[in-house]
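The exercises below work through one structure, each with a task sentence and a solution that goes step by step. Please keep the sequence and the coordinates open while reading.

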Amino acid sequence: MKNNTHQNITFAHLGIFIFVIGLLPSFRLEAKDPPNQITFKEGGIQKTFYRNPNMEAEFIEPNQVTSAPTKSYANKNIKVGWNFRSPGKPLIKNKTKSAIETKVTEVYNPGNGYGPNIVLPGIVVVSFQFDQSKEVIYQLAKKYNVQVFHIFHPRLASFQSEPGYLSVEKANELLNESSILEAYPETAVEKVLK
């Protein structure tokens, strides 16, 4: 009797485990879908940007530029860093497989189709209410699963997260800390990218 009860509990745990594992892919897909509008506060000013569905940004590594034929780049003006492209169309055709995963993210602009296009490269700028030690900044990075990108000052640092709207989400998570005054994604503007 005791052994039978143990088997029933084990099967119940197994059933719950399989159910939770089955739900995980749907949560991931839902979280990865970029919103049509993002809002964040920078310098005390609330900023809103709208997604441009006709454009994506792809990050080109230095070794991709030097290893590809120059003719294909001359026509497209492709440079190291973020470049714009049509959705789903890679900038480099016949790209050799490399250990570097291609970074592609959505593009936003300030006026729902008007104004310069921006890319969120995944860098979150954080200003603190009072001076922070390097140790505290690194602890924050570990807690929020980001990497310290640069410590400008004991009250100002930046963290590397995922590119795109996910950096807005990470900035909002960081704002839960009472020591943080502001957290917002850094933006790369069209004129810088071209």
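Helices (H or I, at least four residues) and strands (E, at least two) are taken as DSSP runs, numbered from the N terminus. On that basis the protein chain has 6 helices and 10 strands.

This is a predicted model, in which local features need pLDDT of at least 70 and side-chain atom pairs count only at pLDDT 80 or more, while totals for chains, interfaces and linings use all residues. Residues are numbered from 1 along each chain as its sequence is written, and side-chain values use heavy atoms, with hydrogens and water left out.

**Exercise 1. Judge the confidence of the model and describe the chain as a whole.**

Step 1. Begin with pLDDT, the predictor's confidence in each residue, from 0 to 100; the protein chain averages 81, and 72% of the residues score at least 70. Over residues 24-31, however, the pLDDT is below 50, and beyond near neighbours in sequence this stretch has 2 contacts in the model (a contact means heavy atoms within 4.5 Å). Where pLDDT is low, the predicted coordinates should not be read in detail.

Step 2. Turn next to burial, for which buried means under 20% relative accessible area, exposed over 50%, and partly exposed in between, with a 1.4 Å probe and protein chains only. Of the 194 residues of the protein chain, 35% count as buried.

Step 3. Finally, consider the contacts with a separation of 6 or more: residues 24 or more positions apart account for 66% of them in the protein chain.

**Exercise 2. Find the largest nonpolar core and state which elements build it.**

Step 1. A nonpolar core is a set of buried Ala, Val, Leu, Ile, Met, Phe, Trp, Tyr and Cys residues joined through side-chain atoms within 4.5 Å. The largest one has 15 residues, and those with the most contacts inside it are V126, F128, F159, L174, I180 and A183.

Step 2. At least two residues of this core come from each of β6 (123-128), α4 (134-143), β8 (156-160), α5 (165-174) and β9 (180-185).

Step 3. Take L174 as a worked case: once its neighbours within four places in sequence are set aside, L174 is in contact with V124, V126, Y144, F159, I180 and A183. A second, separate core of 11 residues includes F49, L120, Y165 and V168.

**Exercise 3. Decide how far helix α5 is enclosed, and which of its residues are buried.**

Step 1. Since 7 of the 10 residues of α5 are buried, this helix is largely enclosed by the rest of the structure. The buried residues are Y165, L166, S167, V168, K170, A171 and L174.

Step 2. For contrast, look at N172, which is found in helix α5 and is partly exposed, with a relative accessible area of 42%. N172 and P185 are 13 residues apart in sequence and 9.7 Å apart in space, C-alpha to C-alpha.

**Exercise 4. Place the salt bridges in the chain and give the exposure of their partners.**

Step 1. With a salt bridge taken as a side-chain nitrogen of Lys or Arg within 4 Å of a carboxyl oxygen of Asp or Glu, a search of the whole structure finds 6.

Step 2. R155 forms a salt bridge with D131, the closest N and O atoms being 2.9 Å apart. This pair links distant parts of the chain, 24 residues apart, with R155 in the loop between β7 (147-153) and β8 and D131 in the loop between β6 and α4. R155 is partly exposed at 39% relative accessibility, and D131 is partly exposed at 45%.

Step 3. E177 forms a salt bridge with K143, with 2.6 Å between the closest N and O atoms. Here too distant parts of the chain are linked, E177 lying in the loop between α5 and β9 and K143 in helix α4, 34 residues apart. E177 counts as buried at 16% relative accessibility, whereas K143 counts as exposed at 59%.

Step 4. K170 and E173 meet through their side chains in a salt bridge of 3.6 Å, N to O, and both lie in helix α5, 3 residues apart, about one turn of the helix. K170 is buried at 16% relative accessibility, while E173 is partly exposed at 34%.

Step 5. E56, E58 and R85 are linked in a network of salt bridges.
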